[in-house]
Amino acid sequence: MSFVEIFQIWLIAFFTLALFSFLYKDNAFYKLAEHVFAGLSAGYYVGLTWNSVIIQQMYDPMIINGKWYLFIPGLLGLMMFSRFFKGFHWISRFSLAFVMGNTAGIFLISELHGKVLPQVQGTMVSINPSQGFGPTLLSLIIIVGVVSTLIYFYFSKEHKGLLGGVARTGIWFIMISFGAHFGYTVMARVSLLIGRVQFLIDDWLGSFSQIFS
Amino acid sequence: MTFWLIIAYSLLILIGAVLLYMTFRKGDRRYIYLAVAFYVIFPVVITLDLPADISPEVLQLYEAVEALPDSSTVMLTFDYYASTLAETEPMSRAALRHLFGKDCRIVTMTTIPLGGPSISERVTREEAAACGKVYGDDFVNLGYKANYVAVLKGMGNSIESIYPTDNTGTLLSELPLMRNVQNYDDIDFIFVVADNGVVEYWMSIVNAQYGTPVGSGVTAVMAPKIYAYVGSGQMTGLLGGMKGAADYEKLIKRPDFAVKGMSAQSLVHMFIICSVIVGNFIYFRERKYGRTGSGGKSA
Amino acid sequence: MTSKRPDIARFIVLFQFAFLILSSLTAAANGTAGDRVFQIDRLNALVFMIVFSVVILIYTRWARQGRKLFIRKINGLDEVEEAVGRATEMGKPVLFIPGINEIDEIETIAGISILGRVARITARYETPLLVPVRYPMVLAAGQEVVEQAYLEEGKPDACSKDTVRYVAGEQFAFTATVQGIMMRERPATNIFMGAFYAESLLLAESGNAAGSIQIAGTAQPSQLPFFIAACDYTLMGEELYAASAYLSREPLLLGGLKGQDWIKMILVLSIIIGAILISFDAGEWFLELFKSV
Amino acid sequence: MKTTVPVIIAFLSGLVMILAFFFNPEKSIIGRLEPEVLSWVTIVGGFTLLLGVVSIVRVNFNAVRRKSQDWPFKLALLVSVFAMAIPSVLPSSWSPLFGNGPGSIYDWLFNYLDAPMMSTMFAMLAFYIASAAFRAFRARSAESTLLLITACLVMLWRVPMGEVLLKGIYPGLPEWINTYIMGGANLAVQRGIIIGAALGAAAMSLRIMLGIERTYMGK
């Protein structure tokens, strides 16, 4: 290992341990790591946006490919800066409206087409008992689960009587699902910790022998 | 050896019990943190291995890939950030080994600006070197382009319109592999490895609109949501988290990092379950005999 | 201004119908699937969208005409005001996070809308408000709603330029900073509304350790279990989108919720009918109605 | 002007996306418009970057100038912002250290500071999930009992050691959990939430397009 490599490993190890130290309590090391991290990541987005958006998506197509009409989003972007001038900040609403309206348009159709239709379709499963006990039970669980969850979100009536009963079934289903999800997620989180621990043990502790030999 | 294992397990249980006791005694959640750290570090030092079954979703994905004709073209995505490498990298590696082993041609890409291109470059090159594969003929790395919705849609029309060059700036027309790959029609299977919602766009845009089968490896946290899509047939097989990766490593008979990590998993899971059981036991005792001043609740 | 709105609404409905008729004609006149100008495969989505819009707009119209529309109590939303009140009593700030996504995600817009409502409450109580955000565009939108809210409550000076602040571009850098804010500024109330991912539990556990009252809302099913475990109140899925309407108590917005319920009932019926038809092998045509390509 | 024009802009920009969805991108101009408009949105977003930088610099610079609490850390933050940002916007043709390619300052800072810190923050979740489970999983009511029982069952099922234990109780139990809990109840609820949330999102989108909901201009 070269000196530079060892330096890099120690740097990573320092910031790793500094962030972990927050688990014990808030302290100066964590504060340092937190502020450096925040600064770098803000800077990272500057570089990223500059290179992959302003240059690649606007400047290059405009100058090289002659897509002159890209000045329109550019203008909308510049209008955002009206926020810096008192009395003119309403101009930035035009740009916000453009972006929000765009989002709304995409989501209006994509939520209905890409989510509601296929999920509703997928729930129409056969409950014919001739397919055997297991599949029928599964189909029933799915149909009752989806319907009762949807009913739980019904806003127009108090959850009383029949509606209340179904909604209560819904909340039971929701709790089972959330428990399952929580239990399922533990593994993912521990995996990440294993990754860090492996780094600290293999690379960082490993570098000690390099230093002392 | 067995003797030392028994000693090791007793030690594990003893330390866990002491830390749990301290948690209740002091009402301080930091003892739990300490226990978790201990249970993760221990197996990294001493390896323990236990057998397990393979989940059907993993088998489905494995079989879908296995059923591809040799030398088909597969798109492999690296839609994950460096932060989830521990879970996702073993999946990418297992997929690469499996696909290279079948002489498939692999097109890789990423929708992740932060680190995505460098991760895909590093992982594919390492695995390709191990399998003796050549860049440009056997695999191509397209890299990253902003705005994934537009990228995913655009590639249905023409990959070249979205990626005029590969990750290193070589024109696609100069890469032999890409000459026969215009759009999704020329891709037989899409293997998405993702740690975020992009995987749903691969289904709702690419699978739904172009019909190319999509299989995926996702982090454990996303897996339950994606189950819904395996059930509805929009997704062909699923690797969920480290266990999914370990299962896949076993299926391709190349056990590696994920298989090893599973013993640390076992210990932490067991500890959490024990702590919940003990916590409830004490909760019921307190409720029966009235609160007795232990700080269990604030922990 | 208000009188103009029904015209837009009527216009869109008319427009959609015209579009439907026109597109069916184009589709019918055209050749094979690939050549068509209109994607006829998506006709069902178009019809669904029109039915959806019409139902929502009818209810909105009824609401405007002053019909009484009942909306049940939504747990968590009633507590928002109380939680802000608690912060006021303790003399501590309220922390609001409108999710961690860019504004091209509808959940973020929902979060921003709720921020507008919450900012009115904090303006009324003169409670300090902290809104760290992760994207500059969310910053702009957030500043706009907060400034407007304080202006409308007649307290434009109580709102500092840095109430809404951009803290970091990356998910976990953002989280690290917010954790720091939670430990140092000790907000009495944390409100998380919008799209959250892995950081949900980091935020909620740190907030819990700092002893704050926490109200969360997200439509990300994968993060709901963690908010449920670590927050005092959690809005699930649809409730997040209902929140801004609910908090505003404007009949116009509440009307939309009734419309949603109506559609929900249609879907529930469709699921049951579809399942029965499928069970007797007679449901293929019915499934076709819900295909998505 | 201040409110009507934005409503019209929002309506039109949403409408384009809806129209584009139904038109064949190969046969009509409007179908091709979609990626174009999407990149417009990205460009507008790109410009707001300066707003972000101004905000973060102003907040921290004021703190440093007033020497308020923790000001040395705020200074570190400012230094980090500029250390990362300035070399990245300079053209790489000036020096290999500029730009954002391999070997640049930007790349180095990302790989050796930013990325490891991301992983570390993410890894902290392992500790938090354990403490959250310990604290929240109490059998206080029927609902919370269901939550904790399924959570424990699934945790057991997920790891090889637990799977052995579950099989000891009843050989079909792991399979049962996979089929009826994960693939049954869990799938059903996820679906229910997805459908409900999608309806809510679509309704919200409609309200925004029609200018009924316009918090972003103070209504």
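How far apart do the C-alpha centres of domain 1 and domain 3 of chain D lie? I looked that up first: they lie 39 Å apart.

**Ground rules**

I note that this is a predicted model, where local features need pLDDT of at least 70, side-chain atom pairs count only at pLDDT 80 or more, and totals for chains, interfaces and linings use all residues. Residues are numbered from 1 along each chain as its sequence is written, while chains are lettered from A and ligands numbered from 1 in the order in which they are written.

**Chain D**

I checked the domain assignment, and it gives chain D domain 1 (4-47), domain 2 (49-123) and domain 3 (137-209); such bounds come from an automatic or database domain assignment. I then went through the secondary structure and found 9 helices and 0 strands in chain D. Helices (H or I, at least four residues) and strands (E, at least two) are DSSP runs here, numbered from the N terminus.

I looked at the overall dimensions next. The C-alpha trace of chain D spans about 65 × 50 × 40 Å along its principal axes. Its radius of gyration is 26 Å, whereas a compact globule of 219 residues would have one near 17 Å. That radius is taken over C-alpha atoms, and the globule rule is 2.2 Å times the number of residues to the power 0.38.

In chain D, 59% of the 219 residues count as buried. Buried means that 20 or more other C-beta atoms lie within 10 Å of the residue's own; exposed means 12 or fewer, partly exposed is in between, and C-beta atoms are placed from the backbone. Among contacts in chain D between residues at least 6 apart in sequence, I find that 19% join residues at least 24 apart. A contact needs C-beta atoms, placed from the backbone, within 7 Å.

**Chain B**

Chain B is assigned domain 1 (2-48 + 259-298) and domain 2 (56-253). Their centres, taken over C-alpha atoms, are separated by 39 Å. I see 4 residues of domain 1 of chain B in contact with 5 residues of domain 2 of chain B. On the domain 1 side there are 2 nonpolar, 2 polar and no charged residues. (Ala, Val, Leu, Ile, Met, Phe, Trp, Tyr, Cys and Pro count as nonpolar, Asp, Glu, Lys and Arg as charged, and the others, Gly among them, as polar.)

Why is helix 6 (residues 148-157) of chain B called largely enclosed by the rest of the structure? Because 7 of its 10 residues are buried. Among them I noted B:Tyr148, B:Leu152 and B:Lys153. The buried residues of this helix pack against helix 7 (159-162) and helix 9 (198-210) of chain B, together with helix 2 (29-47) of chain D.

**Chain C**

I spent a while on strand 5 (residues 213-218) of chain C, where 6 of 6 residues are buried. C:Ile213, C:Ile215 and C:Gly217 sit on one side, with C:Gln214, C:Ala216 and C:Thr218 on the other. In a regular strand the side chains alternate between the two faces of the sheet.

Which strands pair with strand 5 of chain C? Strand 4 (residues 189-193) does so in the parallel sense over 5 bridges, and strand 6 (residues 233-236) in the parallel sense over 4 bridges. Pairing takes at least two DSSP bridges between the strands. I found C:Phe192 opposite C:Ala216, and C:Thr218 opposite C:Met236.

Helix 7 (residues 199-209) of chain C joins strands 4 and 5 in a right-handed β-α-β unit. Helix 8 (residues 224-230) of chain C makes a right-handed β-α-β unit with strands 5 and 6. Right-handed means that, with the strands pointing away from the viewer, the path from the first strand over the helix to the second runs clockwise.

Definitions and conventions:
Contact = placed C-beta atoms within 7 Å.
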